[in-house]
Amino acid sequence: MAHHSAIRSMQRIVEQQAPASPEDEARAGVQQLLDEGDVLVVTGAGVSTDSGIPDYRGPNGSLQRHRPMTYQEFRHRPEARQRYWARGYVGWRHMDKAEPNQIHRRLVQWEQEGKITGIITQNVDGLHQQAGSQRVIPVHGDLSTVRCLNCGYSEDRRDFDIRLEAANKGYLEAVEIDPSAVNPDGDVELPQHLIDQFVMVRCLNCGSYALKPDVVYFGESVPAERKELMAALEAESKALLVLGSSLAVMSGYKVLLNFVKRELPVALITNGHVRGEQKATWRWRVPLETALSQLD
């Protein structure tokens, strides 16, 4: 049941539900929110595209060519884990080289100036933290940690990668990939013969092969303690600004619904459409870098 629900969530297409606001009106509205302060920012994949990480649902998004693995597949199918780690071993190199862009840096500035209370990000790339943002809740986790599904032991992804490299001498040299083909969850398409050749390593604590990046997969629940942190951040915020997300998954959409329920202003800046956009106060449909260059 959860697997099928996850597939439906992945396949959700967010279509227009309301027209864009007049650009001058949207710009003025967002600037007013920032001037008044206490704005909560929710970010999605659109924030990291300028860092070379593709989005999911855009015209060139990874969902056009790739369906992410559900938690149920990863948890119960060893061959699915083998496929993920072979592809992730190759693709993670591209993710690990990604650098924060101007959007990440502008959010650091806004935090330092007291304009925003913090960031709830749906991204797992760690770029907000790398840029210097202090108050970031990665609702879907972070690729920088690997966790054992059997015993719960966690390991730094770079240390884990060193172990994979030792077990797979010459493997990377046999693979040629286009960096643009790397998916937002850090893996890349590989032919089956290379997946079969990949050698997986075990958990350092219990010896299990059931190792998983510490991110929330489709079909998996956000940890309760993370939900509590999100609720606390929402409670101290007086407005919501959504950047580069379609809010297609419930973890992000629920934040918008919570602000609407409290009758607080909601602003959306995205090049596409956003789930629940008809409920927003302002809908500014422009590239993020264009919008942020016009805001103080």
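A residue is called buried when its relative accessible area is under 20%, exposed when that area is over 50%, and partly exposed in between. These words are used in the legends below, which describe a predicted model.

**Figure 1. The whole chain, with its 11 helices and nine strands.** The chain of this predicted model has 296 residues, and 52% of them are buried. Its accessible surface comes to about 13,600 Å², and carbon and sulfur atoms account for 48% of that surface. Among contacts between residues at least 6 apart in sequence, 74% join residues at least 24 apart.

**Figure 2. His 140, listed by UniProt under "active site".** The listing comes from an unreviewed entry. His 140 lies in the loop between strand E3 (136-138) and strand E4 (141-148). Is this residue buried or exposed? His 140 has a relative accessibility of 14%, so it counts as buried. Leaving out residues up to four places away in sequence, His 140 touches Thr 121, Gln 122 and Val 124. On the same terms, its contacts also include Asp 214, Val 215, Val 216 and Arg 226, together with Val 249 and Ser 251.

**Figure 3. The four cysteines that UniProt lists under "binding site".** The residues are Cys 148, Cys 151, Cys 203 and Cys 206, and the entry is unreviewed. They are spread over 59 residues of sequence but cluster in space, with a largest C-alpha distance of 8.7 Å. Cys 148 is part of strand E4, whereas Cys 203 sits in the loop between helix H8 (192-197) and E6. Cys 148 is buried because its relative accessibility is 3%. Cys 203 is also buried, with a relative accessible area of 6%. Neighbours within four places in sequence are set aside for the contacts that follow. Cys 148 touches Cys 203 and Cys 206, as well as Tyr 153, Ser 208, Ala 210 and Leu 211. Cys 203 is in contact with Cys 148 and Cys 151, and with Tyr 153, Ser 208 and Leu 211.

**Figure 4. An open sheet of three strands in the order E5-E4-E6.** The pairing in this sheet is antiparallel. Strand E5 (154-156) and strand E6 (211-215) stand at the edges. Each has a single partner strand, so one side of each is left without a neighbour in the sheet. From one strand to the next, the twist averages 40 degrees. Strands of a sheet pair through backbone hydrogen bonds, either parallel or antiparallel. How many bridges join E4 and E6? These two strands pair over four bridges, in the antiparallel sense. At one place along E4 and E6, Val 146 stands opposite Pro 213 in E6. Helix H4 (residues 78-97) packs on the sheet and touches E4 and E6. The direction of H4 makes about 50 degrees with that of E6.

**Figure 5. Arg 77 and its two salt-bridge partners, Glu 73 and Glu 79.** Side chains of opposite charge can pair when their charged atoms come close. The salt bridge between Arg 77 and Glu 73 has an N to O distance of 3.7 Å. In the salt bridge between Arg 77 and Glu 79, the closest N and O atoms are 2.9 Å apart. Arg 77 itself is partly exposed, with a relative accessible area of 32%. Which of the three words applies to each partner, Glu 73 and Glu 79? Glu 73 counts as buried, because its relative accessibility is 8%. Glu 79 has a relative accessibility of 44%, so it counts as partly exposed.

**Figure 6. A salt bridge between Arg 135 and Glu 236.** The closest N and O atoms of the pair are 2.7 Å apart. Arg 135 and Glu 236 are 101 residues apart, and their pairing links distant parts of the chain. Arg 135 lies in the loop between helix H6 (127-131) and E3. Glu 236 lies in the loop between helix H9 (224-235) and strand E7 (239-243). Arg 135 is partly exposed, at 36% relative accessibility. Glu 236 is partly exposed as well, with a relative accessible area of 38%.

**Figure 7. A network of salt bridges that links Glu 23, Asp 24 and Arg 27.** The structure as a whole holds 11 salt bridges.

Terms used
Residues numbered from 1 in each chain as written. Predicted model: local features only at pLDDT ≥ 70, side-chain atom pairs only at ≥ 80, totals over all residues. Heavy atoms only, no water. UniProt positions renumbered as here; feature names shortened; annotations may be inferred. Buried < 20%, exposed > 50% of the residue type's maximum accessible area, 1.4 Å probe, protein only. Contact = heavy atoms within 4.5 Å. Pairing = 2+ DSSP bridges. Axes fitted to C-alpha atoms, helices over the stretch in contact; angles between N-to-C directions. Salt bridge = Lys/Arg side-chain N within 4 Å of Asp/Glu carboxyl O. Areas by Shrake-Rupley, 256 points an atom, 1.4 Å probe, with all protein chains shown as cover.
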